[in-house]
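The following note is intended for a colleague who is new to this structure. Please read the numbered points alongside the sequence and the model.

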Amino acid sequence: NCIGGKDSLKCPNCYRIYGIFKGDQPDGTFQHRLSNSQCSGYNCKTIEIGYRFPNRGYQGTSRTAYLPNNDEGNRVLRMLKIAFDRRLLFTVGTSVTTGQTNCVVWNGIHHKTSQSGGTSSWGYPDPTYFSRVKEELAVKGVYEIDIHLAKVI
(Lines give C-alpha, C1' and ligand atoms only; values in the text may rest on other atoms or scores of the structure.)
Protein backbone atom coordinates (compact mmCIF):
# COMPACT_ATOMS: atom_id res chain seq x y z
CA ASN A 1 0.00 0.00 0.00
CA CYS A 2 2.88 2.35 -0.67
CA ILE A 3 1.72 5.77 -1.78
CA GLY A 4 5.22 6.98 -2.50
CA GLY A 5 6.70 10.28 -1.48
CA LYS A 6 3.84 12.51 -2.59
CA ASP A 7 3.73 14.85 0.41
CA SER A 8 6.96 13.97 2.21
CA LEU A 9 10.17 12.01 1.87
CA LYS A 10 8.70 9.01 3.75
CA CYS A 11 5.65 6.97 2.79
CA PRO A 12 3.29 6.93 5.81
CA ASN A 13 2.20 3.36 4.97
CA CYS A 14 5.44 1.44 4.37
CA TYR A 15 7.96 4.05 5.64
CA ARG A 16 10.12 3.77 2.50
CA ILE A 17 12.25 6.86 1.92
CA TYR A 18 11.89 8.64 -1.42
CA GLY A 19 14.66 11.07 -2.23
CA ILE A 20 17.58 11.76 0.07
CA PHE A 21 16.80 12.18 3.74
CA LYS A 22 19.17 14.49 5.66
CA GLY A 23 19.47 14.35 9.44
CA ASP A 24 20.53 16.81 12.14
CA GLN A 25 23.90 15.29 13.01
CA PRO A 26 26.36 17.95 14.21
CA ASP A 27 29.62 18.66 12.39
CA GLY A 28 32.23 16.00 12.98
CA THR A 29 34.71 13.70 11.27
CA PHE A 30 34.62 10.14 9.95
CA GLN A 31 37.90 8.29 9.51
CA HIS A 32 38.71 4.65 8.97
CA ARG A 33 41.82 2.50 8.93
CA LEU A 34 42.80 -1.15 8.79
CA SER A 35 44.02 -2.89 11.93
CA ASN A 36 45.87 -6.19 12.08
CA SER A 37 43.61 -7.36 14.92
CA GLN A 38 40.55 -9.53 14.22
CA CYS A 39 36.89 -9.33 15.14
CA SER A 40 35.85 -12.50 16.98
CA GLY A 41 34.52 -15.03 14.50
CA TYR A 42 36.36 -13.56 11.49
CA ASN A 43 39.71 -14.53 10.03
CA CYS A 44 40.62 -11.18 8.49
CA LYS A 45 41.91 -7.75 9.45
CA THR A 46 39.57 -5.25 11.10
CA ILE A 47 38.27 -1.93 9.85
CA GLU A 48 38.36 0.67 12.63
CA ILE A 49 36.03 3.62 12.19
CA GLY A 50 36.70 6.75 14.20
CA TYR A 51 34.02 9.39 14.75
CA ARG A 52 34.92 12.74 16.35
CA PHE A 53 32.59 15.54 17.37
CA PRO A 54 34.01 18.63 19.12
CA ASN A 55 32.23 20.55 21.87
CA ARG A 56 30.14 23.29 20.26
CA GLY A 57 27.32 24.35 22.54
CA TYR A 58 26.82 20.65 23.31
CA GLN A 59 29.04 17.90 24.70
CA GLY A 60 31.07 16.37 21.86
CA THR A 61 32.30 12.80 21.74
CA SER A 62 34.73 10.38 20.15
CA ARG A 63 33.59 6.89 19.20
CA THR A 64 35.34 3.90 17.64
CA ALA A 65 33.50 1.14 15.81
CA TYR A 66 34.68 -2.09 14.19
CA LEU A 67 33.89 -4.12 11.10
CA PRO A 68 35.61 -7.19 9.71
CA ASN A 69 37.60 -6.36 6.57
CA ASN A 70 35.63 -8.64 4.28
CA ASP A 71 33.12 -7.98 1.47
CA GLU A 72 30.18 -7.52 3.85
CA GLY A 73 32.18 -5.30 6.21
CA ASN A 74 33.33 -3.10 3.34
CA ARG A 75 29.77 -2.73 2.00
CA VAL A 76 28.55 -1.69 5.45
CA LEU A 77 31.52 0.69 5.80
CA ARG A 78 30.48 2.46 2.60
CA MET A 79 26.84 2.58 3.71
CA LEU A 80 27.87 4.05 7.09
CA LYS A 81 29.93 6.70 5.28
CA ILE A 82 26.90 7.62 3.16
CA ALA A 83 24.77 7.83 6.32
CA PHE A 84 27.44 9.99 7.99
CA ASP A 85 27.58 12.33 4.99
CA ARG A 86 23.78 12.60 5.13
CA ARG A 87 24.06 13.46 8.85
CA LEU A 88 22.10 10.40 10.01
CA LEU A 89 24.39 8.50 12.41
CA PHE A 90 24.43 10.86 15.40
CA THR A 91 22.26 13.55 16.90
CA VAL A 92 22.33 15.85 19.92
CA GLY A 93 20.19 14.51 22.75
CA THR A 94 20.23 12.71 26.07
CA SER A 95 22.63 9.81 26.60
CA VAL A 96 20.83 6.55 27.38
CA THR A 97 23.85 5.25 29.31
CA THR A 98 24.81 8.32 31.36
CA GLY A 99 21.63 10.43 31.38
CA GLN A 100 23.67 13.46 30.30
CA THR A 101 21.66 15.97 28.27
CA ASN A 102 22.75 18.10 25.31
CA CYS A 103 25.41 15.67 24.09
CA VAL A 104 26.21 13.85 20.85
CA VAL A 105 24.54 10.41 20.87
CA TRP A 106 23.94 7.53 18.46
CA ASN A 107 20.88 8.00 16.25
CA GLY A 108 19.39 4.53 15.81
CA ILE A 109 22.01 2.79 13.66
CA HIS A 110 23.86 0.24 15.76
CA HIS A 111 27.63 -0.06 15.64
CA LYS A 112 29.96 -2.67 17.04
CA THR A 113 32.12 -0.83 19.57
CA SER A 114 34.02 -3.93 20.64
CA GLN A 115 35.84 -6.57 18.61
CA SER A 116 34.84 -9.35 21.00
CA GLY A 117 32.48 -10.18 23.83
CA GLY A 118 29.43 -10.92 21.71
CA THR A 119 26.17 -9.00 21.61
CA SER A 120 26.06 -8.31 25.35
CA SER A 121 29.28 -6.30 24.97
CA TRP A 122 28.29 -4.59 21.68
CA GLY A 123 30.86 -6.80 19.96
CA TYR A 124 31.47 -9.82 17.80
CA PRO A 125 30.53 -12.54 17.20
CA ASP A 126 27.02 -11.48 16.23
CA PRO A 127 25.67 -13.56 13.34
CA THR A 128 22.75 -11.20 12.58
CA TYR A 129 24.58 -7.86 12.86
CA PHE A 130 25.00 -7.18 9.14
CA SER A 131 21.36 -7.84 8.29
CA ARG A 132 20.20 -5.71 11.24
CA VAL A 133 22.47 -2.75 10.51
CA LYS A 134 21.38 -2.77 6.84
CA GLU A 135 17.74 -2.72 7.97
CA GLU A 136 18.47 0.22 10.29
CA LEU A 137 20.25 2.06 7.46
CA ALA A 138 17.31 1.38 5.13
CA VAL A 139 14.92 2.95 7.64
CA LYS A 140 17.02 6.12 7.25
CA GLY A 141 16.99 5.81 3.45
CA VAL A 142 20.47 4.32 2.92
CA TYR A 143 20.48 1.24 0.70
CA GLU A 144 23.21 -0.93 -0.82
CA ILE A 145 22.40 0.53 -4.25
CA ASP A 146 23.57 3.90 -2.90
CA ILE A 147 27.14 2.55 -2.80
CA HIS A 148 27.12 2.42 -6.58
CA LEU A 149 25.38 5.78 -6.97
CA ALA A 150 27.67 7.71 -4.62
CA LYS A 151 31.42 8.02 -4.77
CA VAL A 152 32.36 7.03 -1.24
CA ILE A 153 35.64 5.94 0.32
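1. Buried denotes under 20% relative accessible area, exposed over 50%, and partly exposed in between, with a 1.4 Å probe and protein chains only. By this criterion S95, whose relative accessible area is 12%, is buried. The model is predicted: local features need pLDDT of at least 70, side-chain atom pairs count only at pLDDT 80 or more, and totals for chains, interfaces and linings use all residues. Residues are numbered from 1 along each chain as its sequence is written, and side-chain values use heavy atoms, without hydrogens and water.

2. S95 belongs to the loop between β4 and β5 (103-106); strands are DSSP runs of E, at least two residues, and helices are runs of H or I, at least four, numbered from the N terminus. The S95 side chain makes polar contacts (here, pairs of N or O atoms within 3.5 Å, one able to donate a hydrogen and the other to accept it) with the side chain of T97 at 3.1 Å and with that of T98 at 3.1 Å.

3. V92 is located in strand β4 (residues 90-93) and is partly exposed, because its relative accessibility is 32%. Its C-alpha is 4.5 Å from that of V104, although twelve residues separate the two in sequence.

4. The largest nonpolar core comprises 29 residues; such a core is a set of buried Ala, Val, Leu, Ile, Met, Phe, Trp, Tyr and Cys residues joined through side-chain atoms within 4.5 Å. Helix α1 contributes the most, with seven residues. L137 is among the residues with the most contacts inside this core.
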